[in-house]
Amino acid sequence: MLAPLRFIRSLLFSTDVSYFKFLNRVHDVELSLRAQQLWDVSHPWLDMFIPASSMTTFDSLVFQQLVPVVYGGPILAYPVNRNKWDRRTAAMVPDEEVFYLVAFLRDALPSGPGLESMLDENARILRVCEDLNGKHYLPKYTEEEQWKQHFGCEKWTAFVQHKHMFDPHAILAPGQNMFRRNQKPPGLDQLLLLRSDSASS
């Protein structure tokens, strides 16, 4: 599998682990930090889905320019088949058959860069992600227009309709601040208007 790849062979590092150990690998980082009494620091983790067609550009703009040489945490990057993804969920993925999960999982350790500079780096990486039609996983947008852009008009409209139908007082999942609690649910005429707006756009 490695034969066609161009890389410095002497820098190759590999280890064989069980499938469960692979899936649970980030937990090992947590255990290591807990053993050093460092788990309670801030964790400015960043997860994105990048279209496969944009990964070369993402590499040149992010991995080769924005990411420090000494990063201080795991970086994950692996391909995902879109046809294996459940499109009924609210999580948004790029509109390509193959996309990459890219995750930066560093921690704001006392010996490393400050939290603010790490958040600034995350913001710059996210701008590249959005320019390449990638999707931020579990975004924290504050404006409705940002959510509309994230979901796309059709899916956002359906999402709003379902929210008002099944959770009209916005009791469930308040953490993303997408809907205000105790707001008056829309009447049937408003829901129909939303549906007609979606069909015309």
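**Exercise 1. Which residues form a nonpolar patch on the surface, and what is their accessible area together?**

Keep in mind that this is a predicted model.

*Step 1.* Pick out the members: M1, L2, L5 and L12 make up the nonpolar surface patch.
*Step 2.* Taken together, these residues have about 470 Å² of accessible area.
*Step 3.* Now zoom in on one of them. L2 sits in the segment before α1 (19-23). Its relative accessible area is 39%, so L2 is partly exposed.

**Exercise 2. Work out the overall layout of the chain.**

*Step 1.* Count the elements: there are seven helices and four strands.
*Step 2.* Put them in sequence order, and you get α-α-β-α-β-β-α-β-α-α-α.
*Step 3.* Check burial. Of the 201 residues in the chain, 30% are buried.

**Exercise 3. Find the partners of strand β3, then say how far β3 is enclosed.**

*Step 1.* Start with β1 (residues 46-51), which pairs with β3 in the antiparallel sense over six bridges. To find one of the contacts, look at P51, whose bridge partner in β3 is F99.
*Step 2.* Turn to β2 (residues 75-81). This strand also runs antiparallel to β3, and seven bridges join the two. Here N81 stands opposite V98 of β3.
*Step 3.* Now the burial. Strand β3 covers residues 98-104, and five of its seven residues are buried, so β3 is largely enclosed by the rest of the structure.

**Exercise 4. Decide which side of helix α4 is buried and what sits on the other face.**

*Step 1.* Get the dimensions. Helix α4 (residues 115-131) has 17 residues and spans 25 Å from first C-alpha to last, close to the 24 Å expected at 1.5 Å a residue.
*Step 2.* List the buried positions: M118, E121, N122, I125, L126, V128 and C129. These residues cover an arc of only 155° around the axis, so they lie on the same side of α4.
*Step 3.* Look at the face turned away from that buried side, and you'll find the exposed residues E116 and D131.

**Exercise 5. Take three of the salt bridges and describe where each one sits.**

*Step 1.* The structure holds seven salt bridges.
*Step 2.* Go back to E121 of α4. Its side chain meets that of R106 in a salt bridge, 2.3 Å from N to O. R106 belongs to the loop between β3 and α4, so the pair ties together parts that are 15 residues apart in sequence. Both R106 and E121 are buried.
*Step 3.* Next, D86 and R88 meet at 2.9 Å, N to O. D86 is partly exposed at 33% relative accessible area, while R88 is exposed at 76%.
*Step 4.* Finally, E144 and K148 form a salt bridge at 3.5 Å, N to O. They are four residues apart in helix α5, which means about one helical turn separates them. K148 is partly exposed, with 31% relative accessibility.

**Exercise 6. L138 and A170 have a positive phi. Is each one buried or exposed?**

*Step 1.* Recall the background: most residues other than glycine have a negative phi.
*Step 2.* L138 isn't a glycine, yet its phi is positive at about 60°. You'll find L138 in the loop between β4 (135-136) and α5 (144-151). With 52% relative accessibility, L138 is exposed.
*Step 3.* A170 isn't a glycine either, and its phi is about 55°. This residue is in the loop between α6 (153-166) and α7 (188-200). At 3% relative accessibility, A170 is buried.

Technical notes:
Residues are numbered from 1 along each chain as its sequence is written. This is a predicted model: local features need pLDDT of at least 70, side-chain atom pairs count only at pLDDT 80 or more; totals for chains, interfaces and linings use all residues. Side-chain values use heavy atoms; hydrogens and water are left out. Buried means under 20% relative accessible area, exposed over 50%, partly exposed in between (1.4 Å probe, protein chains only). Two strands pair if DSSP finds at least two bridges between them. Patches are made of residues with over 30% relative accessible area and no salt bridge: like charges are joined within 9 Å, nonpolar side chains (Val, Leu, Ile, Met, Phe, Trp, Tyr) within 5 Å. Accessible areas come from the Shrake-Rupley method with a 1.4 Å probe; for residues, only the protein chains shown count as cover. A salt bridge is a side-chain nitrogen of Lys or Arg within 4 Å of a carboxyl oxygen of Asp or Glu. The expected span of a helix is 1.5 Å times one less than its number of residues. The arc is that of the directions from the helix axis to the C-beta atoms.
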